[in-house]
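Visitor: I should like to learn how to read a helix and its surroundings in a model. Could you guide me through one case?

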Amino acid sequence: MDKERFTNEVLANERSMYYVAKSILGNDEDCADAIQNAILGAFSSLKTLRNDKHFKTWLTRILINECYSIIRKNKKMVSYDEYMDMDMDMPDSSVEYSEVYMEIQALEEKYRVPFVLHYVEGFSLKEISVMLGSSEASIKMRLMRGRSILKKQLSTL
């Protein structure tokens, strides 16, 4: 894959990368850092990509690893509730999220990440299992449990 094709592929997957990073990290600053580091890492190790048709899966796996690396680096973690309180209190916050989005973000990470990868980004169970290093059965179970939790939460709204 040459530099121009790499650039085009990254631009084509920009939105997908943001959604994946957001589902893991939660805040936009960390998402931007993770995406930039993933793109840089992908470009520097481009020769390890065996098949160009798997570029999106390969890049997403690099991004997921980068997100977890950022989480490890951030020793002081803010709880999800504290983050949401801070985010909602921001006066310049003009973005209003739907209740469904908020409930997806409230899922535990082990359910949220596969949920976003499958239902938002359209990855197959096999691709997700490779990205997350879990079996397809485990991913299916996480999706089922995530749907069940969402169903309960949304029925109470």
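Guide: The following dialogue goes from the whole chain to one helix and its end. This is a predicted model, in which local features need pLDDT of at least 70, side-chain atom pairs count only at pLDDT 80 or more, and totals for chains, interfaces and linings use all residues. Residues are numbered from 1 along each chain as its sequence is written, and side-chain values use heavy atoms, leaving out hydrogens and water.

Visitor: How many helices and strands are there in the protein chain?

Guide: Helices (H or I, at least four residues) and strands (E, at least two) are DSSP runs, numbered from the N terminus. Here the protein chain has nine helices and zero strands.

Visitor: Which residues of helix α7 are buried?

Guide: Buried means under 20% relative accessible area, exposed over 50%, and partly exposed in between (1.4 Å probe, protein chains only). In α7, residues 109-120, the buried set consists of Tyr111, Arg112, Val113, Pro114, Phe115, Val116 and Leu117. Across the protein chain, buried residues account for 36% of the 157 residues.

Visitor: Against which helices do the buried residues of α7 pack?

Guide: Contact means heavy atoms within 4.5 Å. The partners are α2 (14-25), α4 (55-73), α6 (99-106), α8 (125-132) and α9 (136-155).

Visitor: Is Val120 buried, partly exposed or exposed?

Guide: Val120, which lies in helix α7, is partly exposed, because its relative accessible area is 45%.

Visitor: What phi does Gly122 take?

Guide: Gly122, just after α7, takes a positive phi of about 80 degrees.
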